Amino acid sequence: MVWYLYLSEPPAEAPDPSIARRRIGFYLRAGARATALESRVFGTRYAVLALPCGGTVPDAALCKELRTLYKVMVPHPYYRGQVIFYGS
């Protein structure tokens, strides 16, 4: 299964809350769903939204895939303690 993941700062923590609300609204109108997942990447909190293509995916599977992806993208000494996922 293929899906697209979007990370967006929660409006209450964004530099410009109105832009964060618009961004989240855009993703939701495009068919994404809000998940129970959140991340903190290098000190910035993000809500995780998912746009599944061909079916739904449980949040736990999305979380596992995100962890795998970030471990490939972020070198080990930086990943530990700087890339955290919550909610699964």
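**Note on the predicted model: confidence, cores and a surface patch**

1. Within the protein chain of this predicted model, confidence is lowest in strand β1 (residues 2–8), where the mean is 78, and highest in helix α1 (residues 17–29), where the mean is 95. Over the protein chain the mean pLDDT is 89, with 95% of the residues at 70 or more. As a general caution, where pLDDT is low, the predicted coordinates should not be read in detail.

2. The largest nonpolar core comprises 13 residues, and Tyr70, Val83 and Phe85 are those with the most contacts inside it. Two or more residues of this core come from each of β2 (33–41), β3 (44–53), α2 and β4 (83–86), and the greatest contribution is that of α2, which supplies four residues.

3. Another core, of five residues, lies apart from the largest one, and its members include Ile24, Ala32, Leu49 and Leu51.

4. The surroundings of Phe85 deserve a separate look. When its neighbours within four places in sequence are set aside, Phe85 is in contact with Glu38, Ser39, Cys63, Leu66, Arg67 and Tyr70; of these partners, Tyr70 is also named with Phe85 among the residues that have the most contacts inside the largest core.

5. On the surface, Leu69, Val72 and Met73 form a nonpolar patch, and their accessible area together is about 310 Å². Met73 belongs to helix α2 (residues 59–73). Its relative accessible area is 49%, so Met73 counts as partly exposed, given that a residue is called exposed only over 50% and buried under 20%.

Key:
Residues numbered from 1 in each chain as written. Predicted model: local features only at pLDDT ≥ 70, side-chain atom pairs only at ≥ 80, totals over all residues. Heavy atoms only, no water. pLDDT = per-residue confidence, 0-100. Patch = residues over 30% accessible without salt bridge, like charges linked within 9 Å, V, L, I, M, F, W, Y side chains within 5 Å. Areas by Shrake-Rupley, 256 points an atom, 1.4 Å probe, with all protein chains shown as cover. Salt bridge = Lys/Arg side-chain N within 4 Å of Asp/Glu carboxyl O. Buried < 20%, exposed > 50% of the residue type's maximum accessible area, 1.4 Å probe, protein only. Core = buried A, V, L, I, M, F, W, Y, C linked by side-chain atoms within 4.5 Å. Contact = heavy atoms within 4.5 Å.
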